Amino acid sequence: MRRLFEQFREIVRECGPATIYAQKTRIVFQGSVRFAGTVPRKQWLDVALWLTRRHDHPALRKIEFIPPSAFSHHLRIRSPAAFDAAFKQLVRDAYAIGQRAHLV
C-alpha cells in the first residue's frame, strides 16, 4: 500500500507545505496543527481528516464528533480510484484547517 500512501502524500503536497511525522502507529500531516493522519495496512490505507463539518464520501467508514466543532472523518482507501475530486476537496478543506484558515 506504499503506492496509495505516496499518492495521498502527493495530494497533500498539492495543497501546500506540510510537515510529515512518522509515529509509532501512524503517519501524520501537519501545518500549524495536525490535519490528517494515515495508517498503511496490507490491503488498504486508512486516512483520517480533521474537518469542521460532516461530509460524505464512498470510502467513508465513520465520523467522530470532537467537541466543540470538529469532525474526524475516517476513510478506507483500497484503490487509487478513491482519490477522486470529492476526496481531494476533503483534503484541501482539512489542509486549510491545518493552516488555521478556518479561524480567520
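Two helices and six strands make up the secondary structure here, and the order from the N terminus is α-β-β-β-β-β-β-α. Keep in mind that this is a predicted model. On the charge side, a search of the whole structure turns up four salt bridges, and shared partners tie Arg41, Asp46, Arg61 and Arg76 into one network.

**Overall shape and packing**

- The radius of gyration is 13 Å, which agrees with the value near 13 Å that a compact globule of 104 residues would have.
- Laid along its principal axes, the C-alpha trace covers about 40 × 30 × 25 Å.
- Of the 104 residues, 38% are buried.
- Take the contacts with a separation of 6 or more: 47% of them come from residues 24 or more positions apart.

**Surface and charge**

- About 6200 Å² of the protein is exposed, with carbon and sulfur atoms supplying 50% of that area.
- The protein carries 18 positive and 8 negative charges, and the mean positions of the two sets sit 7 Å apart.

**The helix pair: Arg2 and Glu6**

- Side chains of opposite charge can pair when their charged atoms come close.
- Arg2 and Glu6 make one such salt bridge, with 2.9 Å between the closest N and O atoms.
- Both residues belong to helix α1 (residues 2–15), and they are four residues apart, about one turn of the helix.
- Arg2 counts as exposed because its relative accessibility is 63%, over the 50% cut-off.
- Glu6 has 32% relative accessibility, so this residue counts as partly exposed.

**The network around Asp46**

- Asp46 is buried, since its relative accessibility of 11% falls under the 20% cut-off.
- One partner of Asp46 is Arg41, in a salt bridge with an N to O distance of 3.8 Å.
- Arg41 comes out as partly exposed, at 43% relative accessibility.
- Arg76 also bridges to Asp46, and here the closest N and O atoms are 2.9 Å apart.
- That Arg76–Asp46 pair links distant parts of the chain: Arg76 is in strand β6 (residues 70–77) and Asp46 is in strand β4 (residues 45–51), 30 residues apart.
- With a relative accessible area of 21%, Arg76 is partly exposed; the cut-off for buried is under 20%.
- Arg61 belongs to the network too, joined with Arg41, Asp46 and Arg76 through salt bridges that share partners.

Notes:
Residues are numbered from 1 along each chain as its sequence is written. This is a predicted model: local features need pLDDT of at least 70, side-chain atom pairs count only at pLDDT 80 or more; totals for chains, interfaces and linings use all residues. Side-chain values use heavy atoms; hydrogens and water are left out. The radius of gyration is taken over C-alpha atoms; the globule rule is 2.2 Å times the number of residues to the power 0.38. Buried means under 20% relative accessible area, exposed over 50%, partly exposed in between (1.4 Å probe, protein chains only). Contact means heavy atoms within 4.5 Å. Accessible areas come from the Shrake-Rupley method with a 1.4 Å probe; for residues, only the protein chains shown count as cover. Lys and Arg count as positive and Asp and Glu as negative; His and the chain ends are not counted. The place of a charge is taken as NZ of Lys, CZ of Arg, CG of Asp or CD of Glu. A salt bridge is a side-chain nitrogen of Lys or Arg within 4 Å of a carboxyl oxygen of Asp or Glu.
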